[in-house]
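Hello,

Here is the structure I promised to hand over. Please open it first, then read the notes below.

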Amino acid sequence: MKKEGIPLEKFVIKGGHKLTGEVSISGSKNAVLPILAASVLAEGVCVIDNIPTSLSDVSYMLEALRKLGAGVELINENTVRIDTTEISSTYVDYEITGHLRASYYFIGSLLGRKGHAKVALPGGCNLGPRPIDQHIKGFQALGAKVSGADPSCVDVSSKSLFGSSVYFDVVSVGATINVMIAASKAVGTTIIENVAKEPHIVDVANFLNSMGADIRGAGTDTIKVNGVSKMHGCSYTVIPDQIEAGTFMVAAAATKGDVLVNNVIPKHLESITAKLIESGADVEVFDDSVRVSMTDRSDICTIKTAPHPGFPTDMQPLMAVLLSTSKGTSLISESIWSNRFKYVEQLQRMGAVINVDGNLAIIHGVKKLLGTQVRADDLRAGAAMVVAGLCAEGTTEIEEIHFIDRGYENLVSKLRSLGADITRVEY
Ligand code: EPU
């Protein structure tokens, strides 16, 4: 939708160029967003490096910090100094939260720091119902009271939080991080069970520990948090983005290219690497880089998304693009979100033959995709359209690219440096 005075932008991609060369991966969006929220606990200065500051989601989190009373200073393109000595407000309004899911991490951090948080219900990509009942269950277990007075906000308060046992009914990245953040300041020990194990969970735990928290077990099924009464500022470097890395790996394979993807943690990419190899790509793994190349149409592959260390749901739209020109019929089953096949309609417009049956996509490989006008339905759906455009014959125009701007730093310049013909144009 066009906002008054703000021109609409789209990507125009002339497909058919093999991606070749080297690309460097930015800091992890899904780690940095909770890390920024968690900095509220420091009561001091945090200098955080490897932040993809040009992402719109990051801008909204920094704006939220400013509105809460924190001092926020961009030291350089990827380093931010955040002074949370003073936090004067405990309210995050819908002007912020309407733009991104991760704004809900302020509930945990404000509750831990100030004993109160009022945070408007979050927006974010529409991937199906996105309840936050497990977050609330965790806060309540720590002793917080939830007010139902304003249904458009989560309003939680507690004079003091107390360590407790929390068992999540579903494995949730957001709930795991949010409760871990709040429990850092609880009196006593909190045991959180059936938690998510994504790399960014470990990174947030490491950041909290750098601020003086005492968290053990992040990356396993059970996290133990020994609450501390005071935390402090720190210097921290965010991990590389698993999904951005996976996106370039798939783009290299889908364009029959040869790309060295630098600044990654290969361990975080194992499930993606495994599925690319099954699809016929060559993947060489080095200490902090991976090289992906492919020469032929991909082999068929079966993918089921699952919480880490399973195959990431955020990567399935991208793999669908690769498999849409495979040599047979591939299957993708989505087990995290109920509405994550919206991109299929756009891929069909490019000639892909894909049937969706509930949470299953049945992909009949075709010889090639054809460029046309498509739209980004959400962040990863949009990234998938970019990769589809890169390997399609002819020109692809992608609208609604504001979704893509949420999660990919310098996407156009990175792709152009690999030989892609992609431009961002106003219309
Ligand atoms: N769920 C509940 N209750 C809750 C929380 C979650 O039922 O209280 C359900 C959800 O409905 C979903 C499942 O649990 O079916 C998993 O949701 P989760 O909480 O793990 O997702 P999230 O924290 O909202 C994060 C990422 C998503 C990514 C998912 C799964 C951020 C900001 N977002 O979302 O990333 O798809 O984990 O890995 O970290 C993206 O980056 O494009 C993106 C959508």
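I will start with the largest cavity. Three helices each supply at least two residues of its lining: H8, H12 and H13 (411-417). H12 gives the largest share, with 4 residues. The full lining is Thr 247, Phe 248, Ala 251, Ala 383, Val 386, Val 387, Leu 390, Tyr 408, Leu 411 and Leu 415. By class that is 9 nonpolar residues, 1 polar residue and no charged residue. The space inside the largest cavity is about 50 Å³. In total, the count is 3 cavities of 30 Å³ or more.

Bear in mind that this is a predicted model. Every value here is computed from it.

Next, the largest pocket. Its volume is about 1,100 Å³. A total of 48 residues line it, and the closest to its centre are Arg 130, Val 173, Gly 174, Ile 336 and Trp 337. Six helices each supply at least two residues of this lining: H1, H5, H6, H7 (199-210), H8 (242-254) and H12. H1 gives the most, with 4 residues. The lining of the largest pocket divides into 25 nonpolar, 11 polar and 12 charged residues. H8 and H12 therefore deserve a second look on screen: both are listed for the lining of the largest pocket, and both are listed for the lining of the largest cavity.Now the ligand. The space it takes is the largest pocket. Four elements give two or more residues to the shell around the ligand: helix H1 (29-38), helix H5 (133-141), helix H6 (173-183) and helix H12 (379-391). H5 gives the most to this shell, with 3 residues.

How many residues surround the ligand? There are 23, and the closest are Gln 134, Ser 172, Val 173, Asp 314 and Ile 336. By class, the shell holds 11 nonpolar, 6 polar and 6 charged residues. Val 173 and Ile 336 come up twice: they are listed among the closest to the ligand, and also among the closest to the centre of the largest pocket.

Three polar contacts to the ligand are listed here:

- Ser 172: a side-chain N or O atom is 2.6 Å from an oxygen atom of the ligand.
- Tyr 104: a side-chain N or O atom is 2.9 Å from an oxygen atom of the ligand.
- Gly 174: here a backbone N or O atom lies 2.9 Å from an oxygen atom of the ligand.

How much of the ligand does the protein bury? Taken alone, the ligand exposes 830 Å², and the protein buries 89% of that.

Two backbone points remain. The peptide bond from His 308 to Pro 309 is cis, with omega near 10 degrees. Pro 309 is in the loop between strand S18 (302-304) and helix H10 (316-323). The other point is Glu 43. Glu 43 is not a glycine, yet its phi is positive, at about 50 degrees. Glu 43 is placed in the loop between H1 and strand S3 (45-49).

Best wishes

Notes: Residues numbered from 1 in each chain as written. Predicted model: local features only at pLDDT ≥ 70, side-chain atom pairs only at ≥ 80, totals over all residues. Heavy atoms only, no water. Near = heavy atom within 4 Å. Polar contact = N/O pair within 3.5 Å; in protein donor to acceptor, adjacent residues only side chain to side chain. Areas by Shrake-Rupley, 256 points an atom, 1.4 Å probe, with all protein chains shown as cover. 1 Å grid on protein atoms, 1.4 Å probe; cavity = no way out; pocket = protein on both sides within 12 Å on 5 of 7 lines; lining within 4 Å. Sits in = over half its atoms within 2 Å of the grid points. Nonpolar A, V, L, I, M, F, W, Y, C, P; charged D, E, K, R; others polar. Points joined across faces, edges and corners; volume = space filled by probe spheres on them.
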